[in-house]
Amino acid sequence: MAPPREKPRSIQRKSEISETTKGVSRRALLAGMAAFGALGAAGCSRVAAQGTVEGGDLLDRLRESGSVKIGIASEPPFGYIDDQGEPTGEAPEVAKVIFQRLGVDNVTPVPVEFSALIPGLKAQQFDVVSAGMYINPDRCAQVLFSDPDYLMLDSFIVPAGNPQGLRDYDDVAEQGLVLATGQAYAQIDYAEAAGVRDVLILPDQVAGLDAVLQGRAHAFAGTNVTVNGVVEGNDRVEAIEPFQPMVDGEPAYGAGGFAFRPSEKNFRDAFNEELLRIRESGELLEIVAPFGFTEAEMTDLTAEELCR
């Protein structure tokens, strides 16, 4: 991989909302935006002071009610609503197992846009972010993360045959191409660090596929598993070989976990203990394998390491 280019002084960003409404991801997203506002009034009435540790109280209340609300971003394979209206995907399925072992049997999804996950968590619209969210220092300054349950390389959706010969962000920058990616995706920062000047920000990978097919973007950047899932069965596009993003000469690890409010350290710790048990036993891989995850995506990194 070529070394990353110097970040340009000015970077043109474009943002748009696709009109496409096909697919479970898009329907769930629209439904979730309505649910986001409706559920706000039903949130927890007791709000801990910012920066305090609430101890085990929230988990006790969840056990008492028997239900927990999880924030998801309607993004297969990480988290979405299936055709039966149930939450599924890598993160919700892991959450179901862990919460059952914590004594909370019912998991209720709250689908929102990816960029609304952390604000929604802080506003107590849901109890935990269960969306495969990348752990990075900026996000660590706002929320508490579990240790990661996967580590992912990046890939691009490109036209069939990869006519531009793209291998990574540096190739996009060097050729002055338009790169699409999703709202609040870590790939925005990766592209900018490589010197990509024209970044088209879209709602999700379905809109990204549309943009590549319509010629509005030369490629769409996302995680390896996401990109492979969305191009499957479409002979007009393909996924390039997975690659490791680099920022300032260092690897940018795409490791995702579950996010909790800063006032809920003990709740996070209890969840994390169960997560580490299934990670070490190999059960975690069994849970996420149906969504395209393999042994290559398993990791022993910690949130502490990633937050640094």
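**A disulfide, a cavity and a pocket**

Student: Which residues form a disulfide with their sulfur atoms 2.0 Å apart?
Tutor: Keep in mind that this is a predicted model. A disulfide here needs two cysteine sulfur atoms within 2.5 Å, and the count by this rule comes to 1. The pair whose sulfur atoms sit 2.0 Å apart is Cys140 and Cys307.

Student: How many residues apart in sequence are the parts that this pair ties together?
Tutor: Cys140 lies in helix H5 (residues 137-140), while Cys307 lies in helix H12 (residues 303-307). The disulfide therefore ties together parts of the chain whose separation in sequence is 167 residues.

Student: Is the disulfide left-handed or right-handed?
Tutor: Look at the torsion about the S-S bond of Cys140 and Cys307, which is about -75°. Because of that value, the disulfide is left-handed.

Student: Is Cys307 buried, partly exposed or exposed?
Tutor: Start with its partner: Cys140 has a relative accessible area of 19%, and buried means under 20%, so Cys140 is buried. Cys307 has a relative accessible area of 27%. Exposed would need over 50%, so Cys307 is partly exposed.

Student: Okay, zooming out, what percentage of the chain's 308 residues count as buried?
Tutor: The chain has 12 helices and 16 strands. It exposes about 13300 Å², with carbon and sulfur atoms supplying 48% of that area. Of its 308 residues, the share that counts as buried is 54%.

Student: Why is helix H7 largely enclosed by the rest of the structure?
Tutor: H7 covers residues 187-194, and its buried residues include Gln187, Tyr190 and Glu192. The helix is largely enclosed because the number of buried residues among its 8 is 7.

Student: Which residue follows H7?
Tutor: Step just past the end of the helix and check the backbone there. The residue that follows H7 has a positive phi, near 100°, and is Gly195.

Student: Which element gives the largest share of the lining of the largest cavity?
Tutor: The search of the whole structure finds 3 cavities of 30 Å³ or more, and the largest has a volume of about 140 Å³. Its lining has 15 residues, with Glu75, Phe114, Tyr134, Gln187 and Thr223 nearest the centre. Strands S6 (128-134) and S12 (219-223) are the elements that give two or more residues to this lining. The largest share, 3 residues, comes from S6.

Student: And the largest pocket, how many charged residues are in its lining?
Tutor: That pocket has a volume of about 420 Å³. Its lining is made of 18 residues, and Asn136, Pro137, Tyr190, Ala252 and Tyr253 lie nearest the centre. H5, H7, strand S15 (250-251) and H12 each give two or more residues to it. The lining divides into 11 nonpolar residues, 1 polar residue and a charged group numbering 6.

Student: Let's pick one residue: is Met152 buried or exposed?
Tutor: Met152 is found in strand S8 (residues 150-152). Leaving out residues up to four places away in sequence, it touches several others, among them Phe78, Tyr134, Thr223 and Phe293. Its relative accessibility is 2%, and the cut-off is under 20%, so Met152 is buried.

Student: How many Å apart in space are Met152 and Met298, C-alpha to C-alpha?
Tutor: Along the sequence, Met152 and Met298 are 146 residues apart. In space, their C-alpha to C-alpha distance is 8.6 Å.

Technical notes. Residues are numbered from 1 along each chain as its sequence is written. This is a predicted model: local features need pLDDT of at least 70, side-chain atom pairs count only at pLDDT 80 or more; totals for chains, interfaces and linings use all residues. Side-chain values use heavy atoms; hydrogens and water are left out. On a 1 Å grid over the protein atoms alone, a cavity is a set of points where a 1.4 Å probe fits but cannot get out, and a pocket is an open set with protein on both sides within 12 Å along at least five of seven lines; lining residues have an atom within 4 Å of a point. Grid points are joined across faces, edges and corners, and a volume is the space filled by probe spheres set on the points. Helices (H or I, at least four residues) and strands (E, at least two) are DSSP runs, numbered from the N terminus. Buried means under 20% relative accessible area, exposed over 50%, partly exposed in between (1.4 Å probe, protein chains only). Accessible areas come from the Shrake-Rupley method with a 1.4 Å probe; for residues, only the protein chains shown count as cover. Ala, Val, Leu, Ile, Met, Phe, Trp, Tyr, Cys and Pro count as nonpolar, Asp, Glu, Lys and Arg as charged, and the others, Gly among them, as polar. Contact means heavy atoms within 4.5 Å.
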